[in-house]
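Biologist: I should like to learn how to read a protein model, feature by feature. Could we begin with the sheets and then proceed to the rest?

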Amino acid sequence: MTQSERQLPWWREFFESADSIPLSFFPCPEETREQVEGIISLLDLRPGDEVADICAGMGRHAIPLAERGINICALDISAMMLYIARRLAEDDADRLHLIRGNALQLPFRSEGFDAIVNLFNSFGYFIDEAQNIAVLEENVRCLKPGGRFLLETRNRSYQILYAPYYQEVERADGSNAIIRCRYDEDAHRLNSRWIDPEDPEKVLHRASIRLYGIDELHDLFERVGLEIDGIYGEYDGTEFEGWERMLILRARRR
Ligand SMILES: C[S@@+](CC[C@H](N)C(=O)[O-])C[C@H]1O[C@@H](n2cnc3c(N)ncnc32)[C@H](O)[C@@H]1O
C-alpha cells in the first residue's frame with residue numbers, strides 16, 4: 001500500500017470493500033421498497049421529475065425511483081458501489097444516470113434538480129466541519145429555487161444510548177469481526193473500529209461519523225438556505241419525537 005493510499009479518508013477505503021455490504025446493515029429489500037414509497041410521497045415526486053441521489057451507494061433508492069419514471073442522477077464516490085448499481089439497474093438505463101463523483105463538488109449545473117436526497121447516514125463523514133457544510137451548500141446550489149431536499153441521518157440521541165458497544169458481526173467472506181463503537185462527546189462523532197477477533201490489534205476497517213442534534217441541523221439548514229418543513233422518524237411520515245433510530249428532515253430551497 002502506498003503512502004497516499006494509506007491517507008485516504010475512511011469512507012474511501014470502507015465503501016470500496018466487499019465488507020461494507022454486510023457491515024453497513026443496509027435495510028432489507030422490503031424496507032427499502034417502503035422507503036421509496038415514502039420518498040415519493042414526502043417529496044411529492046412525479047414521473048419526469050429531475051432528482052439527484054447524493055451518496056447513492058448501490059442504488060437502493062435510485063433504481064426503484066427510476067422504475068417509477070423519475071429521471072435520477074445517482075452520485076457516489078465508490079467504484080464498487082456504482083458497479084453493483086450498474087449490474088442491478090440494467091433495465092432502467094434510460095432514466096438512471098450513475099455518476100462517480102464527490103458530494104463536496106457536485107458535477108451538476110446549478111438549479112437543475114426538482115429534488116435531492118441524501119439517505120442512510122451518508123452525511124457528516126468529513127472531519128472538517130466546513131466540508132460537511134459545503135456538502136449541504138452544494139446540494140442547495142443544484143436545487144431549483146423551491147426545490148425539495150430530503151436528508152435521512154442518524155438520530156444522535158438514539159445512537160449514543162448504546163455507545164460504547166462491542167458486537168460480533170459477519171464479514172463478506174464469512175469470517176467474523178468485532179465492531180467497537182464509541183461516541184466522542186467533544187467532537188460529536190461516533191467512531192467505529194472493526195477488529196479481527198483472532199488478533200485484537202488488527203483493525204480491519206474504521207469509520208467516523210459526525211452526529212448532529214436536531215437544533216444543529218436546524219441552524220445548518222437555515223445557514224445554507226434550506227427551510228425545514230417536515231421532521232420524521234419514519235419514511236411513512238410518522239413525526240419525529242426524539243428517540244427514533246432515524247431522523248428524516250424535509251426542506252425546501254429558499
Ligand atoms: C451508508 S452508504 C449509503 C448508500 C445509499 N444512500 C443507501 O441508502 O443505500 C454511504 C455512501 O456514501 C458514499 N459516499 C461517502 N462519502 C462520499 C462523498 N464525499 N461523495 C460521494 N459519495 C460518498 C459511499 O461511497 C457510500 O456508498
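Modeller: Certainly. Let us start with an open sheet of 4 strands, whose order is E6-E7-E8-E9 and whose pairing is antiparallel. Please keep in mind throughout that this is a predicted model.

Biologist: Which strands stand at the edges of this sheet, each with a single partner strand?

Modeller: They are E6 and strand E9 (199-210); each has a single partner strand, so one side of each is left without a neighbour in the sheet. Neighbouring strands here are turned by 25 degrees against each other on average, direction ignored.

Biologist: How should I read the pairing of E6 with strand E7?

Modeller: One reads the sense of the pairing and the number of bridges. E6 and strand E7 (residues 176-184) pair in the antiparallel sense over 6 bridges, and Glu170 stands opposite Asn176 in E7. The hairpin of E6 and E7 has 5 residues between the strands, and within this hairpin Gly174 takes a positive phi near 90 degrees.

Biologist: Does E6 lie largely in the open or is it buried?

Modeller: A residue counts as buried if 20 or more other C-beta atoms lie within 10 Å of its own. Strand E6 (residues 165-170) has 6 residues and the number buried is 0, so E6 lies largely in the open.

Biologist: What joins E7 to strand E8?

Modeller: E7 and strand E8 (residues 189-196) run antiparallel and are joined by 7 bridges. To see one of these pairings, find Cys181, whose bridge partner in E8 is Ser192.

Biologist: May we examine a single residue of strand E9?

Modeller: Val203 is found in strand E9. With 13 other C-beta atoms within 10 Å, Val203 is partly exposed. Leaving aside residues up to four places away in sequence, Val203 touches Arg193 and Ile195. Separation along the chain is another matter: Arg223 is 20 residues from Val203 along the chain, and their C-alpha atoms are separated by 38 Å.

Biologist: What is the strand order in the open sheet of 7 strands?

Modeller: The order is E3-E2-E1-E4-E5-E11-E10, and the pairing is mixed. Strand E3 (96-100) and strand E10 (226-232) stand at the edges with a single partner strand each, so one side of each is left without a neighbour in the sheet. From one strand to the next, the twist averages 20 degrees. As an instance of parallel pairing, strand E1 (residues 50-54) is joined to strand E4 (residues 113-118) by 3 bridges, and Val51 stands opposite Ala115 in E4.

Biologist: Which strands does helix H4 lie across?

Modeller: Helix H4 (residues 29-43) lies across E4, strand E5 (143-154), E10 and strand E11 (246-253), and runs at about 145 degrees to E5. Helix H6 (residues 79-88), in turn, lies across strand E2 (71-76) and E3, running at about 165 degrees to E3.

Biologist: Which residues come nearest to the ligand?

Modeller: Of the 20 residues around the ligand, those that come nearest are Phe15, Cys55, Gly57, Ser78 and Phe120. Classed by type, this shell has 12 nonpolar, 6 polar and 2 charged residues.

Biologist: What is notable in the backbone of Cys55?

Modeller: Cys55 is not a glycine, yet its phi is positive, at about 65 degrees. Cys55 is found in the loop between E1 and helix H5 (62-67), and it is buried, with 23 other C-beta atoms within 10 Å. Asn121 likewise has a positive phi, near 55 degrees. That residue is found in the loop between E4 and helix H7 (129-142), and Asn121 is partly exposed, with 19 other C-beta atoms within 10 Å.

Biologist: Where is there a cis peptide bond?

Modeller: A cis peptide bond joins Ala163 and Pro164, with omega about 0 degrees. Pro164 lies in the loop between helix H8 (156-159) and E6.

Biologist: Finally, which domains does the domain assignment give?

Modeller: The assignment gives domain 1 (3-154 + 212-253) and domain 2 (158-209). Their C-alpha centres lie 24 Å apart. The contact takes 15 residues from domain 1 and 12 residues from domain 2. On the side of domain 1 that touches domain 2, helix H2 (10-14) and helix H3 (20-23) are the elements that give two or more residues. The largest share, 3 residues, comes from H3.

Conventions: Residues numbered from 1 in each chain as written. Predicted model: local features only at pLDDT ≥ 70, side-chain atom pairs only at ≥ 80, totals over all residues. Buried ≥ 20, exposed ≤ 12 C-beta atoms within 10 Å, placed from the backbone. Pairing = 2+ DSSP bridges. Axes fitted to C-alpha atoms, helices over the stretch in contact; angles between N-to-C directions. Contact = placed C-beta atoms within 7 Å. Near = placed C-beta within 6 Å. Nonpolar A, V, L, I, M, F, W, Y, C, P; charged D, E, K, R; others polar. Domains from an automatic or database assignment.
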